[in-house]
Structures are given as C-alpha cells and as structure tokens.
Amino acid sequence: MDRPIFRTEALSKVYDTGDVRVHALAGVDLKLFAGELAVLLGPSGSGKSTLVNILGGLDRASSGKVWFKDIDLTALPERGLTRYRRDHVGFVFQFYNLVPSLSARENVQLVTDVARDPMDPAEALGLVGLSDRLDHFPAEMSGGEQQRVAIARAIAKRPEVLLCDEPTGALDSRTGVQVLEVLKDINERFGTTIVVITHNAAIRQMAHRIVRFQDGRIVSVETNETRLAPHDIDW
Amino acid sequence: MQALDIKLLRDFRRLWAQALAIALVLGCGVAIFLTSFGMYNALEDTRAAYYERNRFADVFAETRRAPATLEAEIAAIPGVASVETRVVGSVILDIPGRTQTAVGRVISLPNGGLPQLNIPLLRAGRLPGPDATDEVAVNEPFARANGFVPGDSFEANLNGQKRRLTITGTMLSPEFIYTIGPGQMMPDNAAFGILWMPERAAAAAFDMTGAFNSVALSLTRDAQTAEVIDRLDDLLDRYGGFGAYGQETQLSNSFIDAEIMQLKTLAMVLPPVFFGISAFLVNMVLARIIALERSEIGLLKAVGYSDAEVCQHYLMLAGLVAIAGIVLGFGAGSWLAHALARLYADFFDFPYLIFRVSYDAYAISAAIALAAAGLGAGRSALAAARLSPAIAMQPPAPPRYSRSLFDRALGALRLSQPAMMVFRSILRWPVRAGLTTLGLALAVAVMVAATFTDDALDEILDVAFSQSNRQDTMLLFTEDMPVSVLEDIRRLPGVLVVEGQLYLAAELRHGHLTKQVAIEARPPESDLSRVIDGAGRVVAPPPGTILLADRLAAQLDAQPGDLIEVEFLGARRETFLLPVAGHVTQYFGLGAYMDFDTVNALFRQAPRVTTANLLIDEEHEDALHARLKEMPGLAGTIMLTESRRSFEDTIAENVVIMTTIYATIAILITVGVAYNGARVQLSERARELASLRILGFSRGEVSAILMGETLVLALAAQPLGWVLGWAIAWSMTGGFTSDLYAIPLVLKPATFAQASLVVLAACVVAVLVVRRRLDNLDLVAVMKTRE
C-alpha cells in the first residue's frame with residue numbers, strides 16, 4: 001500500500017465569480033496510496049469536494065500539479081480527461097444521480113457501455129446486494145438502494161479509484177451502514193482505492209487514513225491504527 | 001441497445017405531448033413543401049414529357065388567309081425545324097339536349113392523318129376519314145362533359161351552313177392541356193370543344209382551299225425565337241397576320257405557367273415559416289430539458305461520456321421529434337399532393353398522370369426538417385456539451401432579477417404581485433418572449449394570408465361582373481360588322497339591351513419593349529361593358545389616346561404622356577403613334593383601351609363592331625339560343641351569367657377547403673407554441689407556484705400567473721400578426737400575378753378578426769390543458785425536488 005496512486009503538489013483552485021475570488025484550495029500537497037480507504041473530513045467549503053473533483057478529472061486546478069500514477073492530470077486536454085474518467089475512476093454522489101428514466105440495470109449499463117473491461121451490470125448489482133432489484137426504476141427504490149445502484153454503477157468498470165462525495169449524506173444510519181459495508185467490501189475484495197468525503201466524523205473509524213481540511217488547506221493527516229467495521233461504528 | 005439510447009427513447013415517450021405539438025408544426029412545413037415543391041416539379045415534368053412526346057410547337061401564328069405556297073418560305077427561315085400549316089375556325093354548336101349554344105374550335109388534320117407538331121393523342125375511336133366532310137374527332141373532356149362516345153353526332157353552324165357532324169374518336173392535345181373557350185374564366189368543357197376535321201372539309205367550310213390561317217413551328221436547338229418570330233411576322237404581314245408568338249404566350253401553356261408559379265411561390269413563402277417556428281420550439285423545449293437534466297449531464301461526463309456523445313444524445317432527441325414531424329408530413333403531404341393531383345385532373349387535360357411527387361422532394365423536405373430541428377437543438381446541445389461536469393453537478397444559480405426601468409414603470413402601474421411576476425418573467429427572458437410572440441403572430445399571419453385570397457376574389461368578382469361586365473351574354477362575330485348588325489340582334493327574342501364593342505388585335509411597342517394585346521373600344525354611351533379603375537370609377541379613354549392596364553403599362557414601361565407605337569394586326573395592318581392617357585387597375589388580362597370614334601376615324605370607316613353585349617330576359621333565353629344556333633357570322637357566344645355562377649361555385653368550394661386547411665395550420669402553430677411555452681414555464685416555475693399555493697393563493701390565482709404570460713404574449717402577437725399577414729399577402733399577390741390575371745391586395749377587417757379569434761381560442765385551450773397539470777401539482781413533492 002506504499003505505491004502512491006495520486007500525488008498533488010501545491011494544488012490550488014480559485015473561483016472567480018466577478019467581484020469575489022474564492023480560494024477553494026490553497027496549496028494542497030497530498031499522496032493517496034493504491035488500495036487505501038481514505039476519509040476526507042472538514043466543514044462545508046473547506047475544499048474537500050474541490051480536491052475530489054480535480055482528482056476525478058471533473059474540474060481543473062488553477063495552479064499546482066496532480067498526478068494519477070504517472071499521468072499528469074493537469075496537462076491532459078479535455079479529451080484526455082474524459083478518457084481518464086472513463087477508464088480509471090468511479091464516482092458516487094450524495095444524491096445518487098441516477099437517471100430516473102433508466103432501471104437499475106440500465107443505469108449501470110450506462111457505464112459498462114463505454115468502459116474498456118466492464119463487469120456485467122447484473123454482476124455489479126449482485127456485489128451491492130441488489131440482484132433482486134435489477135429492473136426497478138429509481139423511483140421504485142429506497143435511498144439506500146439507490147445509492148447502492150450508484151456504487152454498482154461506479155464499480156462496474158473495475159475502476160482503480162472510487163471517489164465518493166458524501167455517500168451517506170442523504171441516508172439514515174441503518175442504510176448508511178449498508179452502503180459503507182459495500183464500500184469496505186469493494187476495497188478489500190478488489191483493492192480499489194477509495195476516497196470518501198464526509199461530514200460525519202464517525203466514519204473516520206473505518207478508514208486507513210484520515211485527511212482533515214480547513215479553509216482550502218490540509219490541517220492534518222492521521223493514520224488509523226484500529227479500523228472498525230461499519231456496523232461497529234457508533235453514529 | 002445502449003443505455004443512453006434507452007434513455008433517449010424513454011425521454012421521447014415521456015415528452016410525447018410536447019414532441020407531438022412540435023412534430024405537427026414541423027409536419028405542416030414538410031407537407032406544404034412536399035405538396036407545393038413536389039407538385040410544382042411533377043407538373044413541370046409531366047408537361048415537359050407531354051410536350052416532347054407530342055411535339056408541342058415553339059412558335060404559333062394566326063393569319064387571315066395565307067397561300068399554301070408560303071409554307072416553303074416559312075420553312076426556309078433560319079432556325080425553323082418544321083412547319084405545320086392548318087385551317088382553324090370557330091363554330092357555334094348545337095348539342096342535343098343542351099339549350100344554350102356551345103362553341104367549337106375547328107382544327108384541320110393534314111390529309112392522311114396526324115400533324116407533325118402538336119400531335120393529338122387518339123384516346124378512343126379513330127381519326128376522321130381524310131375525305132369525309134361530316135366527321136370530326138373531338139377533345140376527350142368535351143366528349144365526356146356532353147356524354148358523347150364515338151358514333152354520336154351533333155350539329156354545327158359552319159360559316160353559316162348548318163351541318164351534322166359525327167364523332168369518330170376522342171383525342172387530347174398538348175395545345176389544349178388547359179382548354180378554355182373565348183371569354184371563359186375557367187374551363188367549361190360542355191360549352192367549349194376542339195373539333196379535329198380533315199383538311200379538305202375544314203378548308204371548304206372556311207373558304208381556305210389552297211390556303212391556311214394558322215401555322216405552328218418547331219425550332220432548331222440553336223434558333224433565336226425572337227428572330228424567327230420577326231421573320232414569320234414579316235412573311236405573314238401581307239396576309240393579315242395577327243402576330244406570331246412563342247410557347248410562353250400560348251394560352252394553355254401560360255395557364256400552366258401561372259399555376260406552376262403559384263406553387264413555386266407557395267413553396268417559397270409558407271414552409272420557411274413552419275420550419276422557423278419548429279426550430280424555435282425545439283430550442284425552447286430542449287433548453288428546458290437540458291436545464292432539468294443538468295446533473296444527469298454532469299453524471300454522464302463524470303462516468304466518461306465525451307462532450308460529443310452528450311451533444312449527440314440531445315441532438316438525437318431533436319432528431320426523433322424531427323422524424324415524427326417528417327413521418328406526419330410525409331403522410332399529410334402525400335395525401336395533399338394526391339388531392340391536388342385530382343384537382344388538377346379536373347382542370348388540366350393530361351393523357352397520363354406522372355403526378356407523383358418525386359423521391360427528391362421527399363428527401364429534400366426531410367433534410368430541411370432535420371436541419372430545422374438540428375438548428376433549434378444546436379445551441380442547447382452544444383451548451384450541454386460544454387457544461388463542465390463539476391459545475392453541472394451543482395444546482396444552477398437562481399436567475400438574476402434586478403430592478404430596471406421597466407420595474408419602475410411596472411411599479412408606477414401599481415400592479416398586483418402576480419401581474420408583476422408575469423411581466424418580470426417576460427422581461428427576464430426577452431428573447432424567448434419575443435420568439436413566442438413571433439410564433440403566435442405567424443399563426444395569425446398564415447390565416448390572414450390564406451383568407452385574403454377569399455377577399456381578393458370577392459373584389460375581382462365584384463369589379464369583373466357587377467361593375468365592368470354587366471352584360472348577360474356576348475356574341476362574337478367572325479369578322480367586324482357595321483353597327484347596323486346591332487339592330488338585327490335587338491330584334492332577337494328576349495334581347496332587352498344590346499351594345500356594340502370592338503376588339504382589335506394589335507402589337508404595342510415602346511422603345512425595345514413590345515406586347516401583343518387586344519385593344520378594346522366601346523361607344524361612349526356604353527353601359528353594360530365599362531372600364532373601371534382601381535378606385536371604382538368609370539374611365540373613358542380620351543379621344544386620340546390609348547389607356548393601358550397598369551400591368552401592361554409596367555411591361556411596356558409606358559408612363560402617361562409617353563408615345564407608344566400601335567400596330568394593328570389582321571386585316572388592317574396600319575401603325576399609329578398614340579399618347580398614353582393613363583393607367584387603369586385591371587385584374588384580368590392585359591387590357592388596352594381606345595375611344596370608339598378614334599378607332600373608326602383612324603381606319604377611315606363607318607363605325608364597326610366585333611362583339612355585341614346583350615342584356616336578356618331569362619324567360620326567352622331558350623328562344624334566343626335557338627336563334628343563335630342558326631345565326632350566320634357568329635364565331636362564339638359567351639354566357640357571362642353562367643361563367644360567373646360556375647366561377648363563384650368553384651371559388652366558394654375552394655375557399656371552404658382552403659380556410660379549413662389554413663385554420664388547422666394556424667391552430668397547430670398556436671398549440672405548438674402556446675402549449676410548449678406554458679409547459680416550459682410550468683416546469684421552471686413549479687416550485688414558485690407551489691410556494692404560492694402553500695402561502696394561500698388559490699388555484700385560480702396561481703394558474704392566472706401561468707396563463708397570464710402566454711395570454712399577454714398572445715395579445716401582443718395580434719397586431720404583429722396582422723402586419724405580417726399583410727406582408728405575406730402582399731408577397732403572394734406578387735407571386736400570383738401573371739399576364740392572365742392579377743390578385744388585388746384586399747384585406748377586410750373581418751379577415752383580421754377571424755384570424756385573431758382562431759388563434760386566441762386555440763391559445764386559451766392549449767394553456768388550459770397545461771393548467772390541468774398545475775391543478776394536479778403535488779405541493780409537497782414539488783417542494784422536495786432538488787432543482
């Protein structure tokens with residue numbers, strides 16, 4: 001677990017909204033390692049989501065560098081970033097972002113259609129325990145189920161990295177635990193690097209490492225010596 | 001199937017009502033384009049094929065009497081490929097079972113069979129025997145209209161001699177695709193027929209043995225038509241030539257030309273309106289869908305779909321709408337083209353129907369429809385493609401409202417808050433509000449422009465019949481007669497009033513411009529037939545001058561006071577220089593008018609007439625016609641009462657059909673624009689409107705905000721629609737004007753009112769349908785939805 005999968009150097013992001021310049025990231029140096037489960041903690045606006053967006057190739061840095069393995073993401077053109085997202089990264093969002101007009105299987109298929117070496121959508125949904133809900137539409141599923149579909153969609157392409165932005169933010173604690181169990185399982189079974197953004201400090205107990213953010217900077221990085229299983233976490 | 005394609009199809013199914021509303025407008029464009037452009041091509045191709053196969057002549061000329069030996073000289077004119085001389089004449093027919101006279105045009109057939117030019121096509125029976133004196137072949141429509149089959153017979157007054165003619169066969173000729181008799185306003189096949197008679201018999205009947213009075217030429221490929229016409233005129237001059245003319249002036253051909261031009265105008269004016277509106281609607285709906293699917297777009301990009309794939313996804317949605325429109329348009333267009341082909345079959349006598357809309361027309365209309373949808377979708381689809389995934393995942397910033405001059409103005413009006421919301425929203429999206437207004441205005445305009453022809457024809461009928469030509473019947477003499485002939489006619493049964501009139505063939509020249517016309521001259525006291533100008537005044541040409549119809553004056557570029565050269569054709573080949581007295585607005589033909597006494601003085605003759613105008617007592621009509629059938633020296637009779645009636649019937653029928661079609665079109669446009677506009681607004685403002693309901697506003701008050709905006713725009717669209725309708729009508733009058741007739745730009749207040757009522761009613765219905773959705777809004781669910 002000592003091979004860095006992500007490496008950032010003096011990463012900054014400035015949002016220029018006319019009158020105001022907001023420093024969302026103000027010089028972040030960070031390494032994330034293959035196979036680790038990292039939790040990013042910090043208040044709203046501290047820069048967690050901005051960092052994850054840049055790591056995932058959704059957004060570009062204003063200055064500084066970021067590498068995915070040996071690829072310099074900051075140097076990639078738009079087409080290269082699309083390719084990178086398609087081949088290497090899976091996303092899980094707070095509000096699931098499922099396409100309402102597609103069934104669970106079809107939502108996963110959306111990714112397997114364009115991925116290089118995908119799983120069968122049914123297999124991916126089986127991994128998250130939804131084998132019996134393949135043909136249900138988002139409106140017919142609970143929030144936890146929808147989030148698990150989103151995770152299945154993210155892992156179906158066998159990504160090296162799974163970036164999760166508040167994956168349990170919209171869920172109650174019981175379904176939240178189910179979702180975290182799935183993430184832990186994926187991490188252990190496939191060695192997928194998982195980055196989880198959360199407000200919920202309790203979730204740090206399942207991480208290998210915890211990165212704390214404040215005002216666009218990293219304030220601390222700590223290693224968790226005694227990891228807990230999600231069902232043992234006290235919410 | 002790819003998941004993205006599944007999403008596409010499901011989205012399309014979910015949006016079916018909006019898609020259908022757009023597809024119907026687009027379909028209208030496709031259908032009208034297909035019908036007008038397709039039929040325009042079909043008519044032109046059919047005519048070209050017919051002309052080529054049956055060797056329609058390039059140049060025609062009539063003369064009083066030319067010796068047969070002249071044929072060799074004509075053939076020697078450089079550029080002439082072949083010459084066909086013949087004898088033509090006009091006869092009064094007495095058809096069994098028909099009280100009124102009918103008119104026949106006799107055309108000689110060369111000995112031994114068919115001519116080399118204008119070859120008639122034998123449809124039934126056989127040609128008349130070369131030596132027969134009482135056999136004719138008749139044009140098929142005449143036989144059909146009178147119930148004749150080969151072997152039947154009728155009587156004809158051939159130059160004063162009554163003869164019974166037996167029909168040996170029926171034929172069609174490229175010279176008579178549009179068969180219109182003298183003075184008729186539209187074909188009346190029962191009252192006018194073509195009689196093909198062996199040359200020997202025709203020559204004997206019209207005293208043309210060893211002579212001819214009509215000639216047709218075909219030209220070589222490199223021939224200069226104008227030069228050949230000049231040379232032919234020179235040759236025929238001595239023999240009373242009436243002036244040679246080219247194919248484009250041949251009567252039947254120029255009616256088809258006028259029809260083709262109308263179709264072309266229709267193809268150019270109307271379809272762009274529909275395609276434009278469709279593009280706008282696609283743009284409006286797609287922009288909203290993309291706003292709603294913002295986070296889905298972000299997701300697609302996050303999972304690795306490229307900008308191009310996202311753009312293509314939304315373009316394909318517009319493509320599906322276009323395909324629906326194309327399918328509807330193909331269906332309606334094929335049906336309309338078929339209906340039009342049937343209508344043409346009633347008016348145009350083609351031996352075969354190539355009235356099939358070509359695959360090209362289908363392909364072009366589909367391509368234009370796809371392009372219109374693509375154009376409408378392009379901006380939004382590109383915006384979707386350009387949306388950065390990180391930004392797309394966040395909710396959009398709320399629309400920026402700020403205080404402006406308008407707000408102060410609105411504030412000063414002390415409007416209620418809901419009214420304020422309506423006006424602010426219009427000001428917030430001025431382009432969309434402007435285009436919605438324009439769309440609704442075009443619906444009004446289409447109706448105004450369509451109904452205008454109805455008003456225009458009313459005006460034409462009023463001027464032509466109630467004011468200009470008030471006689472019941474016109475008698476045409478074979479040659480001009482002394483005015484004393486009017487006394488004989490006055491004594492015929494049932495004749496109440498008789499007035500004489502002169503029609504003289506002439507060529508007018510002004511500078512390098514020339515035009516062949518019939519100059520009319522009537523005694524000053526004439527009351528039945530009068531010249532009426534655009535303002536409804538009776539005009540009399542001052543002695544020693546010539547008065548020109550405005551379209552004729554324009555073609556000759558002749559201003560009042562200009563001197564023009566008038567060369568009389570036929571028997572009196574004399575040329576005079578006359579000043580133009582003025583212009584007069586005329587809807588039919590290219591009229592030129594002279595003072596009666598001036599004409600007689602120029603020819604140094606006692607007053608003569610070529611036509612008698614009669615007012616008759618209907619009770620004695622039968623007796624009158626019985627006498628006319630026996631009367632020598634009569635070339636034809638024109639029943640104006642009858643022509644007026646059939647013209648009015650045909651027009652009344654067409655007006656009902658056209659008004660129905662265009663009202664449907666206007667309704668489709670209105671529904672397309674109003675329904676989609678209201679749906680998009682409902683979607684944008686669902687939260688806002690639900691909040692108002694929660695705050696205690698009633699359903700009525702909330703829906704007033706939703707309906708208010710569309711209805712305010714619809715009202716604003718009315719005056720604009722009237723102006724646009726006027727402009728379209730104006731451009732159509734230009735496109736419909738030919739040498740044969742002009743359409744006046746007449747728009748009555750009722751036309752505007754009718755168009756506005758139809759559009760406003762359709763608009764209210766469309767918005768009420770959307771209101772039902774608003775009534776059923778689940779307040780809690782709406783407030784929970786994340787925008």
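**Chains A and B, term by term**

Biologist: What makes chain A agree with a compact globule?

Modeller: Its radius of gyration is 17 Å, and a compact globule of 235 residues would have one near 18 Å, so chain A agrees with the rule. The radius is taken over C-alpha atoms, and the rule is 2.2 Å times the number of residues to the power 0.38. Along the principal axes, the C-alpha atoms of chain A fill a box of roughly 50 × 40 × 40 Å. Please keep in mind that this is a predicted model, where local features need pLDDT of at least 70, side-chain atom pairs count only at pLDDT 80 or more, and totals for chains, interfaces and linings use all residues. Residues are numbered from 1 along each chain as its sequence is written, while chains are lettered from A and ligands numbered from 1 in the order in which they are written.

Biologist: How many helices and strands does chain A have?

Modeller: Chain A has 6 helices and 10 strands. These are DSSP runs numbered from the N terminus: helices are H or I with at least four residues, strands are E with at least two.

Biologist: Why is S306(B) called partly exposed?

Modeller: S306(B) has 19 other C-beta atoms within 10 Å, so it is partly exposed. The class lies between buried (20 or more other C-beta atoms within 10 Å) and exposed (12 or fewer), with C-beta atoms placed from the backbone. In chain A, 49% of the 235 residues count as buried.

Biologist: Where is S306(B), and which residues does it touch?

Modeller: S306(B) sits in the loop between α8 (294-302) and α9 (307-347) of chain B. Not counting residues up to four places away in sequence, S306(B) touches R79(A) and T82(A). Touching here means contact: C-beta atoms, placed from the backbone, within 7 Å.

Biologist: How many residues of each chain are in contact with the other chain?

Modeller: 22 residues of chain A are in contact with 22 residues of chain B. On the side of chain A that touches chain B, α2 (78-88) and α3 (104-112) give two or more residues, and α2(A) gives the most, with 5 residues.

Biologist: How do you know which confidence goes with chain B and the model?

Modeller: Chain B averages a pLDDT of 88, and 97% of the residues score at least 70. pLDDT is the predictor's confidence in each residue, from 0 to 100. The model scores ipTM 0.82 and pTM 0.80.

Note on methods:
Two residues are in contact if their C-beta atoms, placed from the backbone, lie within 7 Å.
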